[in-house]
Amino acid sequence: MNALAAMLRPLPSETAHVAVPQTRGYIINLLRGLSPVSLENEIQRAAQAGFNLLLFPIYNNGWTLFPSEAARSYGMKRISPLFSKWNPLATACRIAAASGLSVWAYGRPFNFHPRFSIADHKLLHSHPDWRLRTHPDYQSGYHRRYELWHPCPLNPDYRRYIGDVLTEVAHAYPITGAVLYYSSYGLHGGPLGDFPYCFCESCKAQYREAYPEADLAVDAGSNIERVRAWQLQMSHETLDYLRHRILRARRALRFICRARPHWRAEPPTQRVIDRNVRLMDWPELMDSGAVDELLIDPDDEPLSADLGTRVAADYAYLGDRVLFSPIVTVEDPASLRIPIRVLYRYPIPGFIAQFQHLLSSDEAQAIRESYFSEPAMIAEANPVRTAIWLLDQVRLRHQDGSPLGTLMADMLRILTRQLPLPDNFSMLQVIEQNLLGLEQFIRRGRLEPLQVDDDVMRYLGLARRFVRMAGLDVRA
Ligand SMILES: [Zn+2]
């Protein structure tokens with residue numbers, strides 16, 4: 001702790017800690033249909049229930065949910081034809097702000113599956129060159145449909161279009177984060193016969209640039225490992241590109257992805273997919289700071305007491321440094337007790353709920369009384385403030401001259417100086433390392449006879465992740 005001790009300076013005032021950092025997300029489901037009145041009702045119910053964050057769709061099946069110059073410049077209607085008379089995103093932002101909710105823009109750029117469709121998509125008809133393309137040896141009716149539902153994520157023109165759409169949203173609307181939907185990404189690894197994509201003109205040309213002597217379609221037969229490695233690298237580049245576009249538009253935005261938990265066993269109703277076939281290496285992307293947080297898809301599984309086991313599997317796969325939150329599908333509002341219980345057992349900042357039906361006023365009231373009676377702030381909104389709140393909980397449990405309490409008071413003093421906006425990367429890194437060291441010290445029983453309970457370990461682990469997030473914010 002020497003480096004830390006050297007930085008200690010007394011600070012005159014303690015921080016005031018108001019709300020619990022707990023992210024309570026609510027997803028607006030387009031399939032129910034939207035009108036200005038229904039949207040206002042739904043957002044107000046979510047606020048009444050105690051949610052503090054709205055995930056609002058900005059781009060779905062190739063249509064924007066706000067009047068978009070980018071869409072028009074690429075030959076599309078400015079807004080989804082269902083919303084030609086009003087601007088759902090502007091309305092959602094206005095009502096959310098009036099109800100005390102933040103908004104994360106929620107985009108589904110890589111999958112236009114009819115299951116999620118509210119208006120037939122036109123984009124890949126207008127831009128056939130943006131479609132994913134099947135390997136010439138595997139043409140079939142199934143694959144032709146697959147091509148129509150999936151733009152090629154590696155196509156630079158399509159990528160630029162999505163970057164333009166995200167930039168417009170970041171410039172014009174008061175969102176605090178952007179969530180990209182990777183749950184049904186068109187590209188997969190594995191044997192060519194299982195996933196014979198993508199062999200569009202742009203993929204072939206880009207592959208030739210990477211390997212001047214090679215032909216993508218031929219390599220797919222003889223050197224599939226190289227093709228998959230290249231697709232993985234290019235998929236990461238697309239994600240990096242989109243992140244840079246959105247952060248260039250507005251630096252303070254959180255950049256979050258929604259992913260399917262391919263690291264867990266597939267639910268029995270679904271096709272078994274090999275664990276290693278996904279072309280996004282999430283642990284690596286999160287470790288490098290390319291993604292702030294992962295939202296874990298419920299994978300069509302109903303919310304049940306298994307959630308704890310599943311979160312434990314996510315934790316084991318994604319690692320100890322990164323942030324993730326579960327998305328839960330809620331049939332019965334009373335089942336929210338399950339994710340609430342999980343929040344108190346694992347180092348996760350919150351959860352995101354997608355309700356299967358609209359909440360009644362009574363249900364919203366019951367949720368607030370049973371689960372969300374305390375006001376909460378969005379944990380990701382200000383990572384330093386969140387870390388301070390968490391470490392202060394540890395301090396409060398270890399007053400009375402315990403070395404842990406003293407250490408927490410010291411760290412709090414230092415962290416408080418990083419408010420309102422963090423600016424000292426190396427100092428935050430030192431705190432992160434010291435917290436990790438402290439956790440290991442406690443796990444090895446080196447603080448005995450001092451008793452440290454599981455809550456304290458969870459607070460320390462979560463605080464360490466938010467200190468890291470603050471450091472990455474400074475570096476960005
Ligand atoms: Zn392609």
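**Exercise 1.** Compare the span of helix H4 (residues 88-99) with the expected value.

*Solution.* Helices here are DSSP runs of H or I with at least four residues, strands are E runs of at least two, and both are numbered from the N terminus. H4 has 12 residues. The expected span is 1.5 Å times one less than the number of residues. That gives 16 Å, and H4 reaches 16 Å from its first C-alpha to its last, close to expectation.

The model is predicted: local features need pLDDT of at least 70, side-chain atom pairs count only at pLDDT 80 or more, and totals for chains, interfaces and linings use all residues. Residues are numbered from 1 along each chain as its sequence is written, and side-chain values use heavy atoms, without hydrogens and water.

**Exercise 2.** Find what stands at the two ends of H4.

*Solution.* Start at the N-terminal end. Asn87 caps it, with a side-chain oxygen 3.2 Å from the backbone nitrogen of Leu89. Then go to the other end. Gly100 follows H4, and its phi is positive, near 85 degrees.

**Exercise 3.** Identify the protein donors of the zinc ion and the geometry of its site.

*Solution.* Donors are N, O and S atoms within 2.8 Å of the metal (3.2 Å for Na, K and Ca); water is not among the atoms, so sites may look incomplete. The SG atoms of Cys152, Cys198, Cys200 and Cys203 lie 2.2 to 2.3 Å from the zinc ion. Next, check the angles. Four donors count as tetrahedral if all angles lie between 85 and 135 degrees. Here they are 102 to 116 degrees, and the site is tetrahedral.

Note on methods. Four donors count as tetrahedral if all angles lie between 85 and 135 degrees; four count as square planar and six as octahedral if opposite donors are over 155 degrees apart and all others between 65 and 115; anything else is irregular. A polar contact is a pair of N or O atoms within 3.5 Å; within protein, one must be able to donate a hydrogen and the other to accept it, and residues adjacent in sequence count only if both atoms are side-chain atoms.
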